[in-house]
Amino acid sequence: MESRSAQQSAQDRQLAARLDAEGVRNTALTWVDNAGITRVKAVPAHRLEQAARRGVGMSPVFDVFTSDDAITESPHIGGPDGDLRLFPDLDRVTPLAAQPGWAWAPADRYDQLGAPHPACQRQFARRMTERAAEHGLGVRMGFETEWVVTRVPEPGTPAAADPDAPLDFPCAGPAYGMTRVVELSDYLRDITEALTVQGLDVLQLHPEYAAGQFEVSTAAGDPVRAADDVVLVRETVRAVSARHGLRASFAPTVVAGLVGNGCHLHLSLDRDGRSLHRDPAAAHGLAPEATAFLGGVLEALPALLALGCPSPASYLRLQPSHWAGVFQCWGVENREAALRLITGAPDDPDGGHAELKPFDAAANPYLVVGAVLAAGLHGLAFGSVLPEPVSGDPGVLGVRERGRRGIVRLPTTLTDSADRLEKSAPLREAMGEVLHGAVLAVRRAEAARFAGEGDEEIAAETRWRW
Ligand SMILES: NC(=O)CC[C@H](N)C(=O)O
């Protein structure tokens, strides 16, 4: 961490004074752990400048926390010793519309001497973004957020005391149906308003397939910004829900056997500001560089699942014919392919991009964007290619036909994807031993924790973690 210059400190003081004048009493400094939990330390307004200069203490042991707050250990991290400093990114300080008196800032983690913490996920995402820029590659990313909203049971009622009580949805009506929008119009308006005043550009909002399920997407940006944004979106939806007596679940599987919550990643590539999805000489407009990058991502998908689908509950969601993209293939506008190429109208500058469908919101989004960049850059360096695109739902083809077409199912368990991550030399190199080892330790612990449990139990236990 470079120490703050006198000029920066003066700016920090001005910012703190401005926030104070706006009524902000606390700023939540968040970072996301390897189990996908957003952890926080908050500082009052008058400590914000000090936090920007010296950071705020937090133990490195959180790198090996699991999603149920148990602690495991990795070759490099574990035990009660040591301290790290959380440094808020003051460029992203945002007063929170649904939490009056609060602001939010994403944090980077450094050691006490000011050296970057090797397992800091946000700095990993930034390093990979810079690596892409060194290759002259611009990358824009954006996440979709899906959630299921339920009513919070009245205190003192039998439902409040019963963790197995059926979920109480505040809206009825068909998937994608206007009925749900009419019933929850105040709630949905408040979500759009809160996100918008917080500076997020809402692209669209709609009811999704499952009961009580909605989706919101925000504009793409720099990969680190995309990861910050999805954290802010999620916590904003959670806060607006609470103000309406509702509770939001972003868990991959809210009810076992039903359609789950994804957190799809959209990405587009450019060189010197020129889209690599609009090459007039190339099939589907995909310039050779974009083909190699996306080929690298597709090849790495089994290992990437250990980052983007990090819970045993993730694998309950990953079912064929559920629009979750469970086959390692790509297709043009194919919602059953793990990698969906979106071509759009030829004159639409935002039209050309790609979507990775398997990922969910239990994932640490910084790990996801960093690892996707690493895989794509590896593909670029080694001249990866994309196989033939797939049209139609591979899930309805017989095993033999899929085999004939070379369509492979992505890992179906966390142990399988963790094994692939363990063996992935490019991801190990990009993440570094400390981060790679900590992620694997958490994955192994999560898999062991749920070994032998039934689908319903896994869904019920993890439902309110994300
Ligand atoms: N609109 C969609 O693509 C639905 C996605 C689906 N809910 C998922 O789990 O990924």
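**Exercise 1. Work out whether A354 is buried or exposed in this predicted model, and find what surrounds it.**

*Step 1: burial.* A354 has a relative accessibility of 0%. Buried means under 20%, so A354 counts as buried.

*Step 2: place in the fold.* A354 belongs to strand 15, which covers residues 353–356.

*Step 3: surroundings.* Set aside the residues up to four places away in sequence, and A354 touches L265, H266, L267, H277, L294, L339, R340, L341 and I342.

*Step 4: a partner from elsewhere in the chain.* Pick H266 from that list. A354 and H266 are 88 residues apart in sequence, but their C-alpha atoms are 5.6 Å apart in space.

**Exercise 2. Find which element holds S268, and which residues S268 is in contact with.**

*Step 1: place.* Look at strand 11, residues 265–271: S268 is found there.

*Step 2: burial.* The relative accessibility of S268 is 18%. The cut-off for buried is under 20%, so S268 counts as buried.

*Step 3: contacts.* Beyond its neighbours within four places in sequence, S268 is in contact with G138, V139, R140, H277, G352 and H353. You have met H277 before, since A354 touches H277 too.

**Exercise 3. Which atoms lie 3.5 Å and 2.8 Å from polar atoms of the side chain of Q213?**

*Step 1: place and burial.* Q213 lies in strand 9, which runs over residues 213–218. With 0% relative accessibility, Q213 counts as buried.

*Step 2: the 3.5 Å pair.* This distance separates the backbone nitrogen of Y209 from a polar atom of the Q213 side chain.

*Step 3: the 2.8 Å pair.* Here the partner is the backbone oxygen of G260, again facing a polar atom of the Q213 side chain.

*Step 4: the wider circle.* Without its neighbours within four places in sequence, Q213 is in contact with E146, W147, V148, R180, P207, E208, V259, G260 and N261. Keep E146, E208, V259 and G260 in mind for the next exercise.

**Exercise 4. Where does the ligand sit, and which residues are around the ligand?**

*Step 1: the site.* The ligand takes up the space of the largest pocket.

*Step 2: the residues.* Around the ligand you will find E146, Y176, E208, E215, V259, G260, G262, H264, R317, W323 and K357. Among them are E146, E208, V259 and G260, which are also in contact with Q213.

*Step 3: distances to ligand nitrogen.* A polar side-chain atom of E208 is 2.7 Å from a nitrogen atom of the ligand. For G260, a backbone N or O atom is 3.0 Å from a ligand nitrogen atom.

*Step 4: distance to ligand oxygen.* R317 places a polar side-chain atom 2.7 Å from an oxygen atom of the ligand.

*Step 5: cover.* On its own, the ligand has 300 Å² of accessible area, and the protein covers 94% of it.

**Exercise 5. What is the sign of phi at W323 and at D69?**

*Step 1: the usual case.* Most residues other than glycine have a negative phi.

*Step 2: W323.* W323 is not a glycine, yet its phi is positive, about 60°. The residue is found in the loop between helix 9 (312–317) and strand 13 (327–332). Its relative accessible area is 45%, so W323 is partly exposed. W323 is also one of the residues around the ligand.

*Step 3: D69.* D69 has a positive phi of about 70°, although D69 is not a glycine either. The place to look is the loop between strand 3 (56–58) and strand 4 (84–88). D69 is partly exposed, with a relative accessible area of 45%.

**Exercise 6. Decide whether L318 and I191 are buried or exposed, and list their contacts.**

*Step 1: L318.* L318 lies in the loop between helix 9 and strand 13. With a relative accessible area of 5%, L318 is buried.

*Step 2: contacts of L318.* Leaving out neighbours within four places in sequence, L318 is in contact with L305, C309, A324, V326, P358 and R409. The C-alpha atoms of L318 and T413 are separated by 9.5 Å, and their positions lie 95 residues apart along the chain as a sequence separation.

*Step 3: I191.* I191 sits in helix 6, residues 185–197. Its relative accessibility is 0%, so I191 counts as buried.

*Step 4: contacts of I191.* Apart from neighbours within four places in sequence, I191 is in contact with W147, V237 and V240. W147 is also in contact with Q213.

Conventions. Residues numbered from 1 in each chain as written. Predicted model: local features only at pLDDT ≥ 70, side-chain atom pairs only at ≥ 80, totals over all residues. Heavy atoms only, no water. Helix = DSSP H or I, 4+ residues; strand = E, 2+ residues; numbered from the N terminus. Buried < 20%, exposed > 50% of the residue type's maximum accessible area, 1.4 Å probe, protein only. Polar contact = N/O pair within 3.5 Å; in protein donor to acceptor, adjacent residues only side chain to side chain. Contact = heavy atoms within 4.5 Å. Near = heavy atom within 4 Å. Areas by Shrake-Rupley, 256 points an atom, 1.4 Å probe, with all protein chains shown as cover. 1 Å grid on protein atoms, 1.4 Å probe; cavity = no way out; pocket = protein on both sides within 12 Å on 5 of 7 lines; lining within 4 Å. Sits in = over half its atoms within 2 Å of the grid points.
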